[in-house]
Amino acid sequence: MTNWNVDFLKPIPNSASVSCSCGCSTKHDYALIILNQPFSYSLLQRVWNSALWRCCADGGANRLYDVLTSLQVDPELFLPDLIKGDLDSLRCDVREYYASHGVPVVQDHSQNSTDLMKCVHTLQSKEQSEGRENSSDPSSPLQYDIIILGGLAGRLDQTIHTLSYLHKLRKTRKRVYAVTDDNVGWVLDSGEHRIHIDHTLLGQTCGLLPVGIDETVLSTSGLRWNLTDHPSSFDGLVSTSNHLVPGEDVVWVKTTKPIWWTAELRSLIKGIQHN
C-alpha cells in the first residue's frame, strides 16, 4: 500500500522536511524542477518553500525570473541550485543574472534526453553522493520526492512527454508529482494506494487515467462514483470528471496496471511570505 498526499502545497517554513500527513513517521525531502511553462507566484512560493533542492530546466529559469520581476520581487530571494539543459531557450540576460549570483549553469548537448531528464539525472547523482540510493539501508536518508512545476499544460507533445516520463520513472522512484496552477497529478503503479485528501488544497474534480497501458481493472472508494473491479481503457471506460466527496479524507485505489491520478487545485492564497 502506497500513501500519497499534497503536503508540499501547504504553506510551510522554508527548506523544511515535510512530515507525512497520513500519520506515519516518514519525513519527505522534496526536489523541485521548474519547467519552461507559466506558473503563478503563489504556486511557486508553496513548492519552493517545500523543496530542499531546486533546479531550473533550461527556459524554466526564464519563467522563474520573469514571474518574480513582473511582481517586483527580488529574484535573489529565489536563487535555484542549478540551471541545466541544452540551453537553447535560456535568455542571455537571465543566464547572466543567475551566473553572476553564483548559480551553476550547465549545458548538456545530449540529444537522447530532454531538459527535464537531464535535471533528474543530476538529482540522481546528488542522491548517490548523499547515500540516498541505498534504500536497503534503513539508516540512509530517503530518496527525494520530485515536484515538477509545469508539464501538464501548453504544448501537447510536452504534456505527453511528462505523462510518458513519469510512467517510466515509477520503476526507479517512489513519488514524482507534476503540478500546475490548475491541477496536480502523478502515476499510481499497479497495486493499492491511499490518497490523503486535503480539501483546502484540492478542488472537486479528479480523474483516473489509463495512460500508456492497454487496460487496467480499477476498484475505488472515497469518490462520488466508485468502481469495483471495473475495466478501464481508452477503448472503454475512462474515469474523468469524477468528484472528491466532502468529508472523505482518503481515496483508496486498486489498479492492476499503472495509471495517472489527477486532481483539480483550488486557487492558492497569494499572500504567502517567502522565508
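This passage describes the overall make-up of a predicted model, then the packing of two of its helices and the surroundings of one lysine.

The protein comprises 275 residues, of which 52% count as buried. Its secondary structure consists of 5 helices and 17 strands. Contacts in the protein often link distant parts of the sequence: among those between residues at least 6 apart, 70% join residues at least 24 apart. The accessible surface amounts to about 12600 Å², and carbon and sulfur atoms account for 49% of this area.

The packing of helices α2 and α3 was examined in detail. Two packed helices are described by the angle between their axes and the distance between the axes. Helix α2 spans residues 60-70 and helix α3 spans residues 92-100; their axes come within 10 Å and cross at roughly 80°. Because angles of 65 to 115 degrees count as roughly perpendicular, α2 is roughly perpendicular to α3. On the side of α2, the contact is formed by A61, N62, L64 and Y65, while α3 contributes D93, V94, Y97 and Y98. By residue class, the contact of α2 with α3 contains 6 nonpolar residues, 1 polar residue and 1 charged residue.

Helix α3 has a buried side and an exposed face. Residues V94, Y97 and Y98 of α3 are buried. These three residues cover an arc of only 90° around the axis and therefore lie on the same side of α3. V94, Y97 and Y98 also take part in the contact with α2. The cover over the buried residues of α3 includes α2 and, in addition, strand β6 (82-85). On the face turned away from this buried side, α3 carries the exposed residues C92, E96 and S100. The helix is followed by G102, which has a positive phi, near 85°.

A further site of interest is K126, which is located in helix α4, residues 115-129. The relative accessibility of K126 is 23%, so this residue counts as partly exposed; the buried class is reserved for values under 20%. When neighbours within four places in sequence are set aside, K126 is in contact with W53 and Y144. In the case of W53, the two residues are 73 residues apart in sequence, yet their C-alpha atoms lie 9.9 Å apart in space.

Note on methods: Residues are numbered from 1 along each chain as its sequence is written. This is a predicted model: local features need pLDDT of at least 70, side-chain atom pairs count only at pLDDT 80 or more; totals for chains, interfaces and linings use all residues. Side-chain values use heavy atoms; hydrogens and water are left out. Axes are lines fitted to C-alpha atoms, for helices over the stretch in contact, and angles run from 0 to 180 degrees between N-to-C directions. Helices (H or I, at least four residues) and strands (E, at least two) are DSSP runs, numbered from the N terminus. Angles under 35 degrees count as roughly parallel, over 145 as roughly antiparallel, 65 to 115 as roughly perpendicular and the rest as oblique. Contact means heavy atoms within 4.5 Å. Ala, Val, Leu, Ile, Met, Phe, Trp, Tyr, Cys and Pro count as nonpolar, Asp, Glu, Lys and Arg as charged, and the others, Gly among them, as polar. Buried means under 20% relative accessible area, exposed over 50%, partly exposed in between (1.4 Å probe, protein chains only). The arc is that of the directions from the helix axis to the C-beta atoms. Accessible areas come from the Shrake-Rupley method with a 1.4 Å probe; for residues, only the protein chains shown count as cover.
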